[in-house]
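Here are some exercises to work through with the model open beside you. Try each task by yourself before you read the solution below it.

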Amino acid sequence: MKIRSLAAVAAIAALALTGCSGSANDASDPSAGKTLTYWASNQGTSLDNDKEVLTPQLKKFEEETGIKVNLEVIGWNDLQTRIQTAVTSGQAPDVLNIGNTWAASLQSTGAFLPFDSAALDAIGGKDKFVKTAMDTGGVPGEDPTSVPLYGLAYGLYYNKAMFKDAGLTPPTTWEDMVAAAKKLTTGDKHGFALAAGSYTENSHFAFINAAQNGADFFDAEGKPTFTEDGIIDGISRYLDLMQTDKVVDPGNAQYDNATRAVNDFANGKVAMMLTQSNANSSISSQGMKDDEFGVVAFPSPKGGTEVATMVAGINMSIFKNTKNKDGALEFVKFMTSETTQAALDKPFAALPVLAGVTPSFTDDAELAKTFSDIYENKSRPLPLVPAEDQFESTVGKAMNQMFATIASGGTVTKEDIKAALTTAQQAVEAAS
Amino acid sequence: MSASTAVKNTGPAAGATGRKARKPRRQGWWLPYALLAPAVIFELFVHVVPMVTGIWMSFLKLTKMFISNWGNAPFVGLKNYQVALDFDSAVGMGLLKSFGITIAFTLLVVGISWGLGMAAAVALQKTFKGRAIFRTLFLIPYALPMYAGVIAWKFMLQKDNGALNHLIFDNLGLPGDKPFWLIGDNAFISVVIVAIWRLWPFAFLMLMAGLQSIPTDVYEAASVDGAKPLRQWWNITLPMLRPVNISLVLVMFLWTFNDFNTPFVLFGGSQPPAGDLISFHIYNASFLTWNFGSGAAMSVLLLLFLMVVSGIYVLFMNRRKDNA
């Protein structure tokens, strides 16, 4: 008897376990017309924080137009899969945020509403956006399927006190940066923190370091060219921060998102980090004050091209099958209006995507100037090709492995990098 | 709801054919069919339809260009299979490596889980004080929500602040550097250990239930004849548990070979090559590159392999039973 009841309990437990896999999402309400479903990405310090920031704006939109917006904030780990599922099933929100680097890839699914001239007019015209930001909307020469919402850029954050104590000034070249990092690596402190286990961050820096060498991951026809010398040298230079310069703690190979590097920086464990401009709110939530750190452009090696960041940021898209196209366009117009942007840029530490608007993400004029300069003058868009997402996943994951090899005591030579990139390129070619 | 419609549909229609037949059927003969119908219909929906869809997908070029409108995806015949099985290419080589890792993983996990489950079941076969406590304790990993259990392991296996390295190096004072457990080659050991931790209570539960059906007088007779415990286990316990073991090992093999949750939760988005189990590999191959046709082809190959292995296993076991 005892056994039987035990077995029954186990069976019930097993059923409960299998039953708890996620419930289907009831994104689009058939009684639409006066409602919109909006998937927002995680821009604030937490998903709840995003809700708190966005809710008053959505209320305002409802008062103005009578359209109720059902908000769901989705974390970055899930967003891409959720979008894939939505595209596949047609069970999609009306409006959503996307990482702007995915724009061309998502455009090629054909599931998103192209912003033709009529649609652009409905949201206030193409010219209201900064051109750099607007260019990320989709494949060049076609109607974009997304418009910019928040602008972001990478910066080199440094700890002012640590630099001052060591008698250092903020670096302006790669060589200076490495020298400073070496000087600041003592005991259990390190010169640098990297999200070396995050494939997105790794792919971004593969791109930026290659761009500093004048190399591109795709040619003019959109064919992958992953094994160019400039790319291999760029990746090698970045890996060497951990491998030969030893200014990065090998433990960073397990940092699968930027937050962990930000925490190390805010807690004074490292002197420098590379992160996007929206890290400010996370830094201060960890107790580091705004005047305790500075930001400069991520420097190029001497003689290299001055590229400090890719054009990072968040775009907004409308699903083609929305039952409330006019409402959706109205909502995009509202979210990209000057008043809403002014209200959101500060809590989300976003750079302005509207032309002629002064940055409001920080009270620090110098910081605002630095990031505006990086965003407008030292940025390159990631490849605007349909295979961009595959570039991120294959090259980024290959770099994860290379960092893992280095961290666990192995070495990664340029031949190894070339071999890994050849494999990545074959995978991209096989899928296209 | 579908149960009642099923009854309505099958009932009168089947009754009509029954009347035409020469032999009059017994009244209410259709009832068992009607009662089975909902289950059969659900089975079709839950298992057969997705499986057939998956097989159909494997012949399509279902990339991101086509997933919003599947009907437009071009038919490519066996191309997806060719790519998956071309071991000179990166895709085929990756699949082959992952297959090898999964075989090693499955053999280790099933073998060790079965051994542990058997040892624990035999140890708890005789009644003694506190037996219930051990039984409950051993079943905890099985009762824990999978995600919670594996994520706890993920925290314990961190390099710098994980409990395992803390125990080995800080508390026990082992010399040397703290190793990584979730990246590099150690990832394989980690995923094997976590999978065993999850699976062995199931083997324990099944074997314990099986042991209850062995009459105690067989053991008593054996010990009168002078058989030691090991001999008793080999000559009585093992043969009498044979029916349980046949299905237990097959089920554990299938579950372990297909294990997706353990590597997915343990490694997150960046799976190390040493822990690249096949379900997870296929998921990455299709979702990261949006190439669902290729992923479906790999899944069909996996299905074929598991069907062949299971078939041979069942045939072999039945033949041995007939000979015996």
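**Exercise 1. A charged pair between two domains**

Task: Find which residue forms a salt bridge with A:Glu306, and give the distance between the closest N and O atoms.

Solution: This is a predicted model, so keep in mind that side-chain atom pairs count only at pLDDT 80 or more.
- Step 1. Start at A:Glu306 and look for its partner, which is A:Lys378. The closest N and O atoms of the two are 3.7 Å apart, and this passes because the cut-off for a salt bridge is 4 Å.
- Step 2. Place the pair in the chain. Domain 1 of chain A covers 35-152 + 311-380, and domain 2 covers 154-308 + 387-431.
- Step 3. Count such pairs across the boundary: the interface of domain 1 and domain 2 of chain A has one salt bridge.
- Step 4. Add the polar contacts, for which the count between these two domains is three residue pairs.

**Exercise 2. The domain boundary in chain A**

Task: Describe the interface of domain 1 and domain 2 of chain A: how many residues are in contact, and what area is buried?

Solution:
- Step 1. Begin with the contacts: 20 residues of domain 1 of chain A touch 24 residues of domain 2 of chain A. The centres of these domains, taken over C-alpha atoms, lie 27 Å apart.
- Step 2. Turn to area. About 1900 Å² is buried between the two domains, and carbon and sulfur atoms give 56% of that.
- Step 3. Ask who contributes. On the domain 1 side, A:Phe371, A:Lys378 and A:Arg380 lose the most area to domain 2 of chain A, together 31% of what that side buries. A:Lys378 is thus in this list as well as in the salt bridge with A:Glu306.
- Step 4. Assign the elements. On the domain 1 side, β4 (147-152) and α15 (365-377) of chain A are the elements that give two or more residues, and α15(A) gives the most, with four residues.
- Step 5. Sort that side by residue type: eleven are nonpolar, seven polar and two charged.

**Exercise 3. Where chain B meets chain A**

Task: Work out how many residues each chain gives to the contact, and which salt bridge joins chain B and chain A.

Solution:
- Step 1. Count the residues: chain A gives 44 and chain B gives 44.
- Step 2. Look at the area. Chain B and chain A bury about 3300 Å² between them, with 60% of it on carbon and sulfur atoms. In chain B, the residues that lose the most area to chain A are B:Lys64, B:Phe180 and B:Trp290, together 19% of what that side buries.
- Step 3. Find the salt bridge. The count between the chains is one, and the side chains that meet in it are those of A:Asp389 and B:Lys64, at 2.9 Å from N to O.
- Step 4. Include the polar contacts: five residue pairs are found across this interface.
- Step 5. Name the elements. On chain B's side, those that give two or more residues are α4 (90-123), α5 (131-143), α6 (146-156), α8 (186-212) and α12 (278-287). The largest share, five residues, comes from α5(B).
- Step 6. Sort chain B's side by type, which gives 26 nonpolar, twelve polar and six charged residues.

**Exercise 4. Two chains, two outlines**

Task: Decide for chain B whether it is spread out or a compact globule, and then see whether chain A agrees or disagrees with the radius of gyration of a compact globule.

Solution:
- Step 1. Take the secondary structure. Chain B has 13 helices and zero strands.
- Step 2. Apply the globule rule to chain B. For 324 residues the rule gives 20 Å, but the radius of gyration is 26 Å, well over that, so chain B is more spread out than a compact globule.
- Step 3. Look at its extent and domains. The C-alpha trace of chain B spans about 80 × 65 × 40 Å along its principal axes. Its domain 1 (1-57) and domain 2 (77-323) have centres 38 Å apart, taken over C-alpha atoms.
- Step 4. Repeat for chain A, which has 17 helices and eleven strands. A compact globule of 432 residues would have a radius of gyration near 22 Å, and the 23 Å of chain A agrees.

Technical notes
Residues are numbered from 1 along each chain as its sequence is written. Chains are lettered from A and ligands numbered from 1 in the order in which they are written. This is a predicted model: local features need pLDDT of at least 70, side-chain atom pairs count only at pLDDT 80 or more; totals for chains, interfaces and linings use all residues. Side-chain values use heavy atoms; hydrogens and water are left out. Contact means heavy atoms within 4.5 Å. Buried area is the accessible area (1.4 Å probe) that two parts lose on being put together, summed over both. A polar contact is a pair of N or O atoms within 3.5 Å; within protein, one must be able to donate a hydrogen and the other to accept it, and residues adjacent in sequence count only if both atoms are side-chain atoms. Ala, Val, Leu, Ile, Met, Phe, Trp, Tyr, Cys and Pro count as nonpolar, Asp, Glu, Lys and Arg as charged, and the others, Gly among them, as polar. Domain bounds come from an automatic or database domain assignment. The radius of gyration is taken over C-alpha atoms; the globule rule is 2.2 Å times the number of residues to the power 0.38.
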